[in-house]
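Trainee: I would like to take a close look at a single part of this model, and I would be glad of one connected account that places that part in its surroundings.

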Amino acid sequence: MWSAFANPERFERLAARLVPWFGWGAVILFAIGLPWALIISPPDYQQGDTVRIMYVHVPSAWLSMAAYAGLGAASFVYFVWRHNIADLAAQALAPIGAVFAFLTLATGSLWGRPMWGTWWEWDARLTSMLVLFLLYLGYMALRAAIEDERLAARAGAILAMAGLINLPIIKFSVDWWNTLHQPASVIRLDGPTIHASQLWPLLVMTLAFTALMTALVFMNVRNMSLAKRAEARARRKVEGGEG
Amino acid sequence: MAEFFSMGGYAVFVWGSYGLTAGGVALILWIALRQRAKAKAWQAMAGEDQP
């Protein structure tokens, strides 16, 4: 079933249909989630209004990890089956994931300063998230540095797959080591420990960011695929004209 | 209204976070639009209908 989407034209048609749904879905979810996060949800009894940073920090963190999981999976599909759409998906996910990883670090720092008294601490969670950001930068730099497209795709895929080891380290860092960062409070085997008045706006904001990222990834992959095919035809046209 | 913007004395941290996030979202939207413009340019060069 999945190999059907390896056909560029079929994928482009599917993406053209999905992008407006995810794009408008994101707009509607942000229209609900932002007032909920900034006005309706109560301040935390200990953290006061700084808890509102959670509504952008936590979705950014989840999406930076989800985008990397997608990058690793797309790289695996490209590495094994050489599906070009998978390689384009990896290229589309990298800058978006890098932006979310940066936002996780930056908003975490802005949250940490008033709550922990420090902008940065070399603890396991923060350091492994920094490693994730550097992996994204490394992936993009590696691809940009190699001129041969196929070689760049293969080298990038190997780096992306190797970097997957960092995802469980980020997730379980708060359990494996003593860290300044709080343990998980939403995705837990025994259920969320966060109050519903904060959990729901957090879930709506997470869905909004997820819909936005999905729309942009589909849009970018479609446009990269269109550009690639049009570039090949334009070159053939020029070469044909010259011949 | 002033109370809302002061965010309990943490305005710099809260609004700074939302401002940075808005900047990040603007950046990924710009990347998407640039990619779209590139596709259109190649399609124009190939003499095709644009997406």
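Trainee: How many helices and how many strands does chain A have? And within that setting, could you take me closely through helix α3 of chain A, residues 84-116?

Mentor: Please keep in mind throughout that this is a predicted model. Chain A has seven helices and zero strands, and its C-alpha trace spans about 75 × 35 × 30 Å along the principal axes. Of the 243 residues in chain A, 43% are buried, and among the contacts between residues at least 6 apart in sequence, 77% join residues at least 24 apart.

Turning to the part you asked about, the 33 residues of α3(A) should span 48 Å at 1.5 Å a residue, and because the end C-alpha atoms are 46 Å apart, the expected and the computed lengths agree. That agreement goes along with a bend of about 25 degrees at A:Ala94, where a proline, A:Pro95, follows within four residues. At the far end, α3(A) is followed by A:Gly117, whose phi is positive, near 85 degrees.

As for its surroundings, 28 of the 33 residues of α3(A) are buried, and therefore the helix is largely enclosed by the rest of the structure. The largest nonpolar core holds 76 residues, of which A:Ala89 and A:Leu93 touch the most other members. Each of the helices α1 (8-40), α2 (54-81), α3, α4 (124-145), α5 (149-163) and α7 (196-242) of chain A, together with α2 of chain B, supplies at least two residues of this core, and the largest share, 19 residues, comes from α3(A). To follow one of these positions outwards, A:Leu93 is in contact with A:Ala67, A:Gly70, A:Leu71, A:Ala74 and A:Val217, if its neighbours within four places in sequence are left aside.

Among the other contributors to the core, α1(A) can be read in the way we read α3(A): its 33 residues should span 48 Å at 1.5 Å a residue, and its end C-alpha atoms are 45 Å apart, which agrees. A kink of about 30 degrees lies at A:Leu18 in α1(A), shortly before the proline A:Pro20. The buried residues of α1(A) include A:Phe11, A:Ala15, A:Phe22 and A:Ala26. A:Glu12, also found in helix α1 of chain A, is partly exposed, because 19 other C-beta atoms lie within 10 Å, where 20 or more would count as buried. Not counting residues up to four places away in sequence, A:Glu12 touches A:Arg222, A:Ser225 and A:Leu226. From A:Glu12 to A:Gly108 there are 96 residues in sequence and 37 Å in space, C-alpha to C-alpha.

The partner from the second chain deserves the last word. The contact between the chains takes 27 residues from chain B and 33 residues from chain A, and on the side of chain B that touches chain A, helix α2 (residues 11-45) gives the most, with 20 residues. By class, that side of chain B has 17 nonpolar, seven polar and three charged residues. The helix α2(B) has 35 residues and reaches 50 Å from its first C-alpha to its last, close to the 51 Å expected at 1.5 Å a residue. Among its buried residues are B:Phe13, B:Val14, B:Ile28 and B:Trp42, and just after α2(B), B:Gly47 takes a positive phi of about 70 degrees.

How values were computed: Residues are numbered from 1 along each chain as its sequence is written. Chains are lettered from A and ligands numbered from 1 in the order in which they are written. This is a predicted model: local features need pLDDT of at least 70, side-chain atom pairs count only at pLDDT 80 or more; totals for chains, interfaces and linings use all residues. The expected span of a helix is 1.5 Å times one less than its number of residues. The bend at a residue is the angle between axes fitted to the seven residues ending there and the seven starting there. A residue is buried if 20 or more other C-beta atoms lie within 10 Å of its own, exposed if 12 or fewer, and partly exposed in between; C-beta atoms are placed from the backbone. Two residues are in contact if their C-beta atoms, placed from the backbone, lie within 7 Å. Ala, Val, Leu, Ile, Met, Phe, Trp, Tyr, Cys and Pro count as nonpolar, Asp, Glu, Lys and Arg as charged, and the others, Gly among them, as polar. A nonpolar core is a set of buried Ala, Val, Leu, Ile, Met, Phe, Trp, Tyr and Cys residues joined through C-beta atoms within 7 Å.
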